[in-house]
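Okay, everyone, thanks for coming. Let me put the structure up, and then I'll walk you through a few spots in it.

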Amino acid sequence: MKSRIFLPFAVAISAMATLFWLQGHPRSEEMGELRAAMDIGSGATNMQIAKVDPKTGKILVKLFQQSIPVPYQKHLEQSKDNRFDEEVMQQGIQTIQALKATADQYQVKKIVGVATAAFRQATNAPEFAKRVREVTGVTIRIIDQDEEGILAFRGALAISPVDPQQAVVWDVGGGSMQLTTLTGAGTYLVAKGPTASIPFKNHLIQVIQGKDIKQVSSPNPVQPEQMGQALGYARDLAGKVDAVVREKILLPTTQVIAVGSLFNYGIKPLLPNHSFIVQKELEPVVVGLTDKTDAELPGGALAEVAVSNPAMVLGFMQGLHMQKLEILQVNNTDGALTYPAYWE
């Protein structure tokens, strides 16, 4: 209950602070088109408000950003009928209402909302999206995995100086994984990863630990032997990634960019150099997470993936021979803000 009371207050205070800043910097008010985008992911809902140049599609000024956990995928995995339950739908609506209130303070005329893996899977997602529109006024687009990968790629390359032809953008959510790059012809290639945060955690619980995911939601504490099996499983899955992407990652000119909440909030704080994930630096960190209970791990409500997420990332890096990657503070809102089809 406390989180429900605090949520809109925290969002409002953040918005007010930015508005006061804008009053002292009127030039930013004159730049570009004011836009807002929501990324309703499988584990968190993100919103960003920004000034965008409609001609170039570049984000000129970022005015507000907020990420709020909403465990759609977790509830869906525990569902008996592959439907969102009333509890998570109510939490989702409250979150969208709070973020919409902030957008209203900025006098945003249009909000684009995109929903990803959990909404692709839930049989009542269209019905829930209609309910969200009726209650909050926010229209949700349920996008496919290709479009999700494109948004992540566009968002990353909008703020990175990397040559797009030499980039691979890696995004892992609660229910899906994408590794996106450009072909030689300049078209998008979205490799759909064979797992994601919640499915990987569930494999660790159900297959490696032999427990029932309907009764157990956290694999912690993870024993060292179980960690070894989890890493091996991730390495095996990495071998199923599209061969073109795997080969491109091996090129010395390729730069892998990691985006999304999992990397920024689940991996980044664990590392000495918060801007990069170096495989040899991540290895001892992952080993050090074994034999710890949820209470001994960081993350609060997200402690149940505080071990499985780093293990999954390390295993994939090992399997793809990925020595180093850069973490960027990017999610689907960055891509949605600049995707011309959403604003025509």
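Quick bit of vocabulary: when I say helix, I mean a DSSP run of H or I with at least four residues, and the numbering starts from the N terminus. And keep in mind that this is a predicted model.

So, helix H8, residues 197-208. Its end C-alpha atoms are 16 Å apart, which agrees with the 16 Å that 12 residues should span at 1.5 Å a residue. Is H8 enclosed or open? Largely enclosed by the rest of the structure, because 9 of its 12 residues are buried. Among those buried ones are Phe 200, Lys 201, Asn 202 and His 203. What do they pack against? Strand S6 and helices H3, H9, H11 and H13.

Right after H8 comes Gly 210, with a positive phi near 70 degrees. Keep going into the loop between H8 and H9 and you meet Pro 221. The peptide bond joining Asn 220 to Pro 221 is cis, with omega about 5 degrees.

Now the inside. The largest nonpolar core has 43 residues, and Phe 316 is one of those with the most contacts within it, along with Trp 170 and others. Beyond its sequence neighbours within four places, Phe 316 is in contact with residues including Trp 170, Met 177, Pro 194 and Val 241. Apart from that core there's another one, of 32 residues, with Val 70 and Ile 111 among them.

Last stop: His 321, in the loop between H13 and strand S11. Its phi is positive too, near 55 degrees, and this one isn't a glycine. Buried or exposed? His 321 counts as exposed, because its relative accessibility is 52% and the cut-off is over 50%.

Conventions: Residues numbered from 1 in each chain as written. Predicted model: local features only at pLDDT ≥ 70, side-chain atom pairs only at ≥ 80, totals over all residues. Heavy atoms only, no water. Core = buried A, V, L, I, M, F, W, Y, C linked by side-chain atoms within 4.5 Å. Buried < 20%, exposed > 50% of the residue type's maximum accessible area, 1.4 Å probe, protein only. Contact = heavy atoms within 4.5 Å. Helix = DSSP H or I, 4+ residues; strand = E, 2+ residues; numbered from the N terminus. Expected span 1.5 Å × (residues − 1).
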